[in-house]
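Hi everyone, thanks for coming. I'd like to walk you through a couple of local features today, so let me put the structure up.

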Amino acid sequence: MHNIPSAPEDGQGWMLRGAQLHAERRLEQALIAFEQALALAPGDVNAASACATLLSALSRPVAAYKVLLSVEALLLESADGAANLAIAAESCGDLARAGMAYQRALTLDPHHARALNNVGLMAAAQGRWESALECARKCLAQDPGHAPYHVNLSDYLCGARRYAEALAVLEAAALRFPDDLDIRIRGAAVLAFNGDFEKSREASLRFDPATLSYFREFLGRAIAPAYLDHKLRLQQGELPDARQLYCGQAFEAMTVCDWRDNERLTATLRQALDEALHTGQRRDWRDAQFYGLMLDMDEDELAQMRRVSVAKISDDLKAALPPFARRATPVGRRDERIQIGMAVQSLRDERHAHALKRQLALHDGGRFAIHIYSPTRHPELEHGEMLKPHAASVTEIAHMSDAEAAGRMRLDHLDVFVDMTFDTAWCRPEIPELRVAPVQIRQLTWHRHNPPRPCDYNMSDRFVHPDGLDLAPYGAVVRLPHTCWLATHDETPEDGWDSREQAGLPANTLVLCSVVPSVMLDPESFAAWMKILRSLPDAVLWLPAYSPPIAANLVREANAAGVHESRLLFAHRLSRAQLLACMKHADLFLDTLRFNANQGLEDALRLGVPAITCSGDSMASRLGGSMLRAAGLPQCVTQSPAAYVAEAARLGRNPQALQQLRQHVLAEKASAPLFDLAARVREWEAAWATMAERTRAGLAPAAFDVPSFAGKLNP
């Protein structure tokens with residue numbers, strides 16, 4: 001038992017008692033003592049700091065921050081106090097006050113190590129690499145014997161994608177700190193990031209088991225990019241090879257429109273693909289399949305990657321579930337309707353949930369029973385509830401393994417499984433690979449080739465796979481008559497925003513726009529846009545509210561193309577309804593070339609904004625043409641980048657032609673197939689029914705066309 005002294009009579013006594021209890025590691029009792037001291041002297045900085053220290057140790061950061069805020073003015077009188085306040089603010093997400101307090105600390109003491117180091121870390125977290133590097137170099141100059149400062153400098157250089165400089169820092173640090181694990185493992189990783197694949201492999205081979213385990217842990221953090229939809233996926237305990245590490249970082253660069261390494265990345269992927277095809281080595285290439293769309297890779301190369309990736313996923317899932325058994329009449333099924341299973345995106349997204357509800361409400365409940373499977377990690381119950389009147393069941397599968405989810409889906413005796421999650425953070429290709437229905441399809445894909453498995457049909461249309469195209473190499477293609485894009489969103493713009501000035505746009509200037517996630521931008525599209533701007537010297541290009549690093553990279557590309565950065569306008573952070581209200585003021589929507597804008601393009605057309613696109617060879621690069629034709633604008637579909645640039649320039653020089661095109665878009669909207677969701681749903685139902693009937697008749701998947709008037713079909 002510890003002897004507990006009697007209660008002190010003044011604040012100093014309570015401070016001494018708290019210090020004693022803290023030394024004895026009796027944290028809660030120590031906190032009570034410090035709180036007593038602070039109650040007696042509310043302005044005592046030492047008492048407040050002691051309370052905050054204990055609260056942080058007891059995992060109560062918000063309470064710690066509130067205590068420090070009570071003496072904020074006094075804390076800001078010293079560099080240490082300001083730094084302590086900044087650390088507490090940062091831990092609670094109050095980055096504005098944290099930045100202010102750190103700067104106050106550095107004003108009082110320009111060499112304050114903690115403030116310098118943490119300002120650098122904050123800058124790095126925001127992608128402000130030059131600011132981060134400046135702080136790291138100052139820290140290192142003040143204390144070159146502190147190994148973490150060398151690590152930080154190398155990490156910031158990697159963040160700025162200056163890998164050769166990062167290697168030089170690590171090589172010098174390794175001589176000074178030969179046993180430092182953080183420095184050793186980074187050396188092997190950065191060699192890979194720099195494309196020195198053999199040296200990276202040799203370095204990792206020298207790791208002992210403990211170092212190798214630490215290396216795996218480090219890579220688990222290092223290869224998780226900001227764009228989580230396409231992160232590198234590894235089996236537990238699997239160590240990525242040097243090429244995977246290099247590609248992962250290069251893909252991450254593409255998400256922020258840093259295209260400087262695209263040519264080398266393309267060559268690396270081609271070399272890896274060639275080796276895989278010659279050696280039989282299998283890779284899970286789902287990330288490369290996506291990013292390859294924005295690279296100079298052709299359809300056949302991406303199709304080969306898909307086949308290799310499917311084989312790898314299949315190998316990893318061996319014996320996960322018993323083989324799927326096809327039955328003409330599933331045991332225990334009483335519902336004679338065609339059973340459709342839909343794997344959807346997270347229902348936590350209210351916008352997605354409402355769009356799904358709109359689609360489900362239009363399906364024929366007398367013929368189709370639709371089962372929804374959603375990977376919502378933190379479900380909003382009302383979102384699932386609003387779908388139930390239109391669905392046979394709504395099941396959350398986020399907590400299930402791939403095998404568990406597939407097993408659960410098999411219990412519903414599905415006739416057709418529709419994967420609506422393709423290429424999103426919720427995509428789980430392992431589930432269709434385990435086979436959950438006699439017929440499996442993806443609602444949408446970005447490739448025209450369909451591998452023999454895991455999906456039996458490739459949903460398309462007569463523009464994506466046009467008449468005259470030999471369909472044999474593309475698998476079982478189902479061609480819808482108008483478009484394979486389902487326009488399920490119907491949000492209305494926010495009221496107000498009636499003038500360009502309110503939208504932050506110039507009043508008497510030609511406004512070109514493109515609304516697309518940064519990861520779908522590619523250098524060919526941007527180069528075409530810069531040509532258009534050079535030919536229209538009074539025009540501006542309005543882009544989404546990209547992050548500062550993305551905007552900086554696009555500005556650099558524009559300047560290199562001879563276009564002043566002032567001609568790129570980045571939207572403010574807006575709600576979707578506000579963005580739509582602003583978008584209606586644009587004169588012309590410019591589609592991206594390699595990966596068409598899809599949702600952004602649909603929004604523009606719904607608002608009456610004319611658009612142009614250029615058709616390529618992949619499904620991703622032809623979807624824009626499919627949508628424009630279904631919107632009644634076939635004349636806005638060009639066939640080459642040169643024609644695309646020329647048509648945009650022609651329209652930009654002719655305000656009357658642009659106005660006529662806008663009037664045409666609005667006039668066509670009421671009857672345009674793109675916006676007739678009910679008719680498009682009937683066509684999808686006709687496709688499902690045909691697939692189910694073929695399977696029940698024992699027929700293999702085969703290409704077929706869906707007639708335009710789907711309502712006449714009665715399979």
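Let's begin with a strand contact: Asn458 stands opposite Val477 in β7. Before we go on, please keep in mind that this is a predicted model.

That contact belongs to a pairing between strand β6, residues 457–461, and β7, which run in the parallel sense over four bridges. And β7 has another partner: two bridges join β7 to strand β14, residues 704–705, and these two strands also run parallel. If you look for Val478, its bridge partner in β14 is Phe704.

Now, which way do the residues of β7 point? Strand β7 covers residues 477–480, with Val477 and Arg479 pointing one way, while Val478 and Leu480 point the other way. As a rule, side chains in a regular strand alternate between the two faces of the sheet. Buried or exposed, you may ask, for these four? They are all buried, Arg479 included.

Let's move over to the cavities. Searching the whole structure turns up five cavities of 30 Å³ or more. I'd like to show you the second largest, which holds about 120 Å³ of space. Its lining is made of 13 residues, and the closest to the cavity centre are Arg243, Gln244, Cys247, Arg283 and Trp285. Which elements give two or more residues to that lining? Those are α15 (242–255), α16 (262–279) and α17 (286–291). Helix α15 supplies the largest share, four residues. As for chemistry, the lining divides into seven nonpolar, two polar and four charged residues.

That's my tour; I'm happy to rotate the view for anyone.

Notes: Residues numbered from 1 in each chain as written. Predicted model: local features only at pLDDT ≥ 70, side-chain atom pairs only at ≥ 80, totals over all residues. Heavy atoms only, no water. 1 Å grid on protein atoms, 1.4 Å probe; cavity = no way out; pocket = protein on both sides within 12 Å on 5 of 7 lines; lining within 4 Å. Points joined across faces, edges and corners; volume = space filled by probe spheres on them. Nonpolar A, V, L, I, M, F, W, Y, C, P; charged D, E, K, R; others polar. Buried < 20%, exposed > 50% of the residue type's maximum accessible area, 1.4 Å probe, protein only. Pairing = 2+ DSSP bridges.
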